[in-house]
Every structure is written in C-alpha cells, then in structure tokens.
Amino acid sequence: MLTMRRTFLSWLTDRLILCPTRHPIEADDKTRRLIPLGDGQLEIWTQRVGDEPSTPADLYVLKFPGTAGRAERSTAHPADAWPDARVELWSVNPPGYGGSSGTASLGQMTAFAETALQQLQREAAGRPMLVTGSSLGCVNALYLAARYPIAGLILRNPPPLREVILARFGWRTLYLGARLIVRQLPPELDAIRNAAAARAPAVFVSAQCDRVVPVKCQAQILDAYGGPHRVLRLTQADHHTPLTEDEAEQYRELLVWLRQQMMSSRLPP
C-alpha cells in the first residue's frame with residue numbers, strides 16, 4: 001500500500017509540473033539527431049549559425065525548453081546576439097516529448113540532461129559550452145552547472161520546484177497535500193542548492209510579475225548563485241511576456257558581458 005501511494009504521488013507530481021506533447025512540428029531550419037538513452041532514444045534538434053558550417057563552431061549551446069516547450073520551436077538565441085561567432089545549438093526534447101522515447105517524468109530529468117551534455121562534450125572537443133534554460137529547463141541547466149565545467153549559463157524565470165509548489169498550491173490543501181507532493185521531488189533537482197554550487201558566469205532574466213514562478217521564488221535562486229552573474233529584471237512582465245525594445249537592448253549588453261566572461265575564463269590549449 002505504501003509503495004502504491006508513493007507511485008501515485010510521483011505520478012501526480014509529474015502531471016502537476018510536466019506538459020508533454022508528441023504531435024509533429026515542422027523544423028525546416030534544424031537537423032534532427034537521435035542519441036541513445038537507456039533502452040530508447042533522446043531527440044535533439046541542432047542548428048548552425050555563422051559562416052563556414054563545415055568547420056568546428058566557436059561555441060556550443062545546449063538548450064532546455066520549459067514544461068510545455070518543444071525543441072522544434074527553439075530559436076537561434078543566443079547566437080543571434082553574436083553575429084561574428086560560429087555557434088552550434090542543440091535543443092533537447094525530454095523523454096515523452098516529441099520524438100524522445102519514454103514517459104515524461106521528473107525522475108528522468110538528470111539522466112537525459114547528462115546524456116545530452118556528455119554527447120555535446122564529445123562534439124565540442126574542448127571548445128566552450130553554454131547551457132540555457134527557460135522556466136523548468138533552468139532546473140536541468142543548474143543541475144549541470146553544479147557538476148560540469150560549462151562556460152556559461154542563460155536562465156529565464158528559474159523555478160525552485162519545492163518553493164514554487166508550496167507558494168502556488170499550498171494554501172489550497174492547507175499545505176498538507178502540497179508537502180506530500182514536494183517530497184516526491186528528486187533531491188538532485190534542488191535548484192537553490194545547485195545554484196549555490198555553480199561557478200559559471202550567468203545571465204538571469206527575471207519577470208517581476210510572473211504568475212507561474214513567483215518572483216520571490218526566483219529571488220532565492222538568484223541570491224544563492226555562486227558564480228559571477230548579471231540579472232535583467234523585467235518590471236512589468238509575466239512569465240511569457242516578450243522583452244520591450246529597451247529591455248532587449250539591456251539584454252544584448254548582458255550577453256556581451258557574458259561572452260567576455262566566457263572567453264576570459266578559457267584556458268589556453
């Protein structure tokens with residue numbers, strides 16, 4: 001009975017947080033790539049930006065979408081901020097999303113994130129790697145940043161899952177149901193603890209009117225982050241609000257800073 005209860009609670013936690021889809025999405029500007037993941041496969045969509053596509057890239061970017069995102073929809077960001085650089089982008093569909101095998105589950109997040117990064121490491125062959133995440137994708141990015149030597153991070157609206165669940169749903173269940181749910185979260189997905197262990201230079205984009213990831217929850221990650229970082233606070237933005245022209249210009253300046261940080265920290269060959 002106890003095992004059945006834990007299984008149900010884990011299933012409920014996955015359903016509360018994850019929004020997988022499998023319908024086909026056109027991605028004419030990208031190349032589909034499949035890599036082994038356990039008994040199945042992980043779908044990655046790659047895109048090359050910059051001149052001389054036959055030569056190695058200057059920078060490799062690993063991108064994790066949000067809970068309802070898909071790799072096929074991924075843009076050329078942040079390569080479009082560095083037009084003089086050759087950048088290769090890898091966007092990942094988690095298990096249960098798109099053409100990736102398996103079922104969407106928080107329990108698989110660390111495995112597929114590490115699999116994608118290790119494959120990219122082999123491809124990059126020592127060249128710098130940047131990891132980006134949007135919303136739930138930030139949890140993957142921070143997990144990797146706490147454990148692997150990545151060159152930089154770009155994170156938008158990062159959620160500490162435990163704190164977000166308690167803040168958004170705790171009052172509905174007098175905090176009893178919410179506390180049972182947060183106990184099902186894998187401890188390695190503690191974004192606050194991972195942020196404290198990360199040392200890569202990072203740029204954070206934080207929507208100050210976010211109704212999905214409350215700003216007080218985002219602030220706990222920003223305050224804990226252990227590496228050099230800059231924060232763009234979008235004062236009037238909700239979770240998906242696009243940047244204004246002024247905010248976009250500020251963001252470009254932060255990406256220039258990030259590139260300088262990544263290049264200055266590189267060791268000579």
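In this predicted model, helix 2 buries M109, T110, F112, A113, T115, A116, L117, Q119, L120 and A124. The cover over these buried residues includes strand 1 (31-37), strand 2 (40-49), strand 3, strand 4 (87-93), strand 5 (129-134) and helix 3 (137-145). Helix 2 itself has 16 residues, and from its first C-alpha to its last it reaches 22 Å, close to the 22 Å expected at 1.5 Å a residue. Just after helix 2 comes A125, with a positive phi of about 50°. A125 sits in the loop between helix 2 and strand 5, and because its relative accessible area is 56%, over the 50% cut-off, A125 counts as exposed.

**Aromatic pairs**

One residue of helix 2 deserves a second look: what does F112 pair with? A search through the whole structure turns up two aromatic pairs. In one of them, F112 meets F64 edge-to-face, with 6.0 Å from centre to centre and 65° between the planes. This pair links distant parts of the chain, since F64 belongs to strand 3 (residues 59-64) and F112 to helix 2 (residues 109-124), 48 residues apart. F64 is buried, with a relative accessible area of 3%, and F112 is buried too, at 3% relative accessibility.

The other pair brings F204 and Y225 together, again edge-to-face, at 5.3 Å centre to centre and with 80° between the planes. F204 lies in strand 7 (residues 202-207), while Y225 is in the loop between helix 7 (215-224) and strand 8 (229-234), so this pair ties together parts that are 21 residues apart in sequence. Both F204 and Y225 are buried.

**Strand 4 and its partners**

Strand 4, part of the cover over helix 2, is itself well worth a visit. How many of its residues are buried? The count is seven of seven, so strand 4 is described as mostly covered. Both of its faces are covered: V87, L89, S91 and N93 are buried on one side, and E88, W90 and V92 on the other.

Strand 4 pairs with strand 2 through seven bridges, the two running antiparallel. Within that pairing, Q47 has L89 of strand 4 as its bridge partner. Strand 3 joins strand 4 through five bridges, and these two run parallel. Here L59 is matched with V87 in strand 4. The loop between strand 3 and strand 4 holds P78, and the peptide bond from H77 to P78 is cis, with omega near 0°.

**Charged side chains**

Side chains of opposite charge can pair when their charged atoms come close. The structure has ten salt bridges, among them the three in this table.

| Salt bridge | Closest N to O distance |
|---|---|
| D29 and K30 | 3.2 Å |
| E43 and R32 | 2.5 Å |
| E163 and R162 | 3.9 Å |

The partners in these bridges have their own degrees of exposure. D29 is partly exposed, at 47% relative accessible area, whereas K30 is buried at 10%. E43 and R32 form a salt bridge that links distant parts of the chain, with E43 in strand 2 and R32 in strand 1, eleven residues apart. E43 is buried, with a relative accessibility of 3%, and R32 is partly exposed at 42%. In the bridge with E163, R162 is partly exposed, at 40% relative accessibility.

Which buried residue has no salt bridge, with R156 as the nearest side chain of opposite charge? That is E247, in helix 8 (residues 245-264). R156 is 7.1 Å away from E247; because a salt bridge needs a nitrogen within 4 Å of a carboxyl oxygen, this separation does not qualify. Leaving aside neighbours within four places in sequence, E247 is in contact with L232, L234, T235 and P242.

**Another positive phi**

A125 has a phi near 50°, a positive value in a residue other than glycine, and N157 also has a positive phi, near 50°. N157 is placed in the loop between strand 6 (152-156) and helix 4 (161-169). Is N157 buried or exposed? N157 is buried, because its relative accessible area is 1%, under the 20% cut-off. A125, by contrast, is exposed at 56%.

Terms used
Residues numbered from 1 in each chain as written. Predicted model: local features only at pLDDT ≥ 70, side-chain atom pairs only at ≥ 80, totals over all residues. Heavy atoms only, no water. Phe/Tyr/Trp six-rings, centres within 6.5 Å; stacked < 30°, edge-to-face > 60°. Helix = DSSP H or I, 4+ residues; strand = E, 2+ residues; numbered from the N terminus. Buried < 20%, exposed > 50% of the residue type's maximum accessible area, 1.4 Å probe, protein only. Expected span 1.5 Å × (residues − 1). Contact = heavy atoms within 4.5 Å. Lys, Arg positive; Asp, Glu negative; His and termini not counted. Pairing = 2+ DSSP bridges.
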